[in-house]
Amino acid sequence: MVFSSLIFLFAYLAVTLVLYYVVPFKARNAVLFAVSLVFYGWGEPKYIVVMLFSILVAYIFGFFVGKYRESAPKKARTYLIVSVILNLSALLFFKYANFFIENLALIPGLGGLEPIEGLKLPVGISFYTFQIMSYTIDVYRGDAAVQRDPLKLALYIAFFPQLVAGPIVRYTTVAEEIDERHESVSEFSAGAVRFLFGLGKKMLLANAVARIADAAFAAVMPSVLFAWLGAVAYTFQIYFDFSAYSDMAIGLGRMFGFHFLENFNYPYVARSVTEFWRRWHISLSTWFRDYVYIPLGGNRCSRARNVWNLFVVWFLTGMWHGASWNFIAWGLWFFVLLVGEKFLWGKALERLPSLVRHAYAMVLVVFSWVLFRAETLTAAAAYFAAMFGSSGVWCGSRVVYYVLEFWPELLCCCIAALPVKQWLETALQKRDAAPARAVLTWGPKLAAMALLACSYCKLVTGSFNPFIYFRF
């Protein structure tokens, strides 16, 4: 089930809200957990068993890690390691088993290996596995208290707004709100507005530019301008698709009294690749920083060791996104750029004009999304070649058609990728007049209702539109 579907908006969410607010507070966690299982199992209920197994592992081993953390640290560490291995084993099997088999089959003498038929990736396993690991590690470190109520821990892991595509929520972020939270009309309203803005991003922007990207990446010999247009369109698509999901998850959380941390902070205004990753998929980058990079030694070590630590992080970041060499190449692409900015050209970059730095960052980010979007490294190489003239055609009828057809959406993408909303809010707050306060109060609500109406029109005339990060 996806947020941007009629059945979610007008059936599942409506029923969930009614059930949640009519039962006593003590029963609300149980209601949320039950409806989360329905949400997760809507398409393939058999994978509920995998998630429940992961929750059971988190509860049992988290309990023993907390029990022995101070009295028997070595025993606590053993329980932690076993917990991590069990959770990663499930992720490795479902996500990477066939990838490893296919590559091993290329070795002489192992050609008889066959992929496992019917093996599918459980939706959201990458996200909830990382949440479980963060909980157990934080208990081991003493940063989080052991959750002795299995229902509360299960709700943290399975809560439907962020279950299948993030953001990756730390247990410490929501621990108090799982025990006791305060719902209010103002919080519910703010959450609903945030949700509808995310819905608008997905339905009106991401889905529109996806048509350009799909056509360009499917073209056999796209012209130079069409290849660049497709790469730029996908750059917009993945941002508005993924940030839309985060907006909707954060908004839904607030409607039920939970406050998730932000996952995006206008990444396309970045003036370096380093800054881009401070603004993009914040929950993932901070997860790798806190649970991989810093434990490896971070930057408090020799330069060679620091480079190795960065390599490990970005290799794993690429692998996390998918069992494909192009995802590994995508991660290593950022490794090279970040090491370069850190040790080679970073200081020179800071002396350049702001506009030049922004252009530098965006061109490199666009290249990264070509690697990310392509199915294989060969396809990525062919697309890069098209961007630099392999077809021998600079322009063509298709690029003219798509620009004329989608110029309003492309223009809106350019505007929405900038912090225009923040600029307007700051300007209105400075005026401190009654009309300005009225716009601040009612403007977002009216805009959200308009986005709902436009999105509804797209929903009733469109087709299935899953989020990109559902496959991770």
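The protein chain holds 20 helices and zero strands, where helices (H or I, at least four residues) and strands (E, at least two) are DSSP runs numbered from the N terminus. Its radius of gyration is 23 Å, close to the 23 Å that the globule rule gives for 472 residues, so the protein chain is as compact as a globular protein of that length; the radius is taken over C-alpha atoms, and the rule is 2.2 Å times the number of residues to the power 0.38. This is a predicted model, in which local features need pLDDT of at least 70 and side-chain atom pairs count only at pLDDT 80 or more, while totals for chains, interfaces and linings use all residues. Residues are numbered from 1 along each chain as its sequence is written, and side-chain values use heavy atoms, with hydrogens and water left out.

Of the 472 residues, 51% count as buried, a term that means under 20% relative accessible area, with exposed meaning over 50% and partly exposed lying in between (1.4 Å probe, protein chains only). Among contacts (heavy atoms within 4.5 Å) between residues at least 6 apart in sequence, 76% join residues at least 24 apart.

Opposite charges come next. Side chains of opposite charge can pair when their charged atoms come close. A search of the whole structure finds 14 salt bridges, each a side-chain nitrogen of Lys or Arg within 4 Å of a carboxyl oxygen of Asp or Glu. One of them joins D179 and K152 at 2.9 Å, N to O; because D179 lies in helix 8 (residues 171-179) and K152 in helix 6 (residues 150-158), the pair ties together parts that are 27 residues apart in sequence.

Helices 9 and 10 are linked by the salt bridge between R254 and E187, at 2.8 Å, N to O, with R254 in helix 10 (residues 224-255) and E187 in helix 9 (residues 185-218), 67 residues apart. Here R254 is partly exposed at 25% relative accessibility, whereas E187 is buried at 18%. D247 and K201 also meet in a salt bridge of 2.8 Å, N to O, which again links helix 10 with helix 9, across 46 residues. Both D247 and K201 are buried, and salt bridges that share partners join them with R194 and E262 into one network.

On the surface, L92, F100, L104, I107, L110 and L113 make a nonpolar patch of about 480 Å². Within this patch F100, which lies in helix 4 (residues 73-104), is partly exposed, with a relative accessible area of 41%.

Note on methods
Patch = residues over 30% accessible without salt bridge, like charges linked within 9 Å, V, L, I, M, F, W, Y side chains within 5 Å. Areas by Shrake-Rupley, 256 points an atom, 1.4 Å probe, with all protein chains shown as cover.
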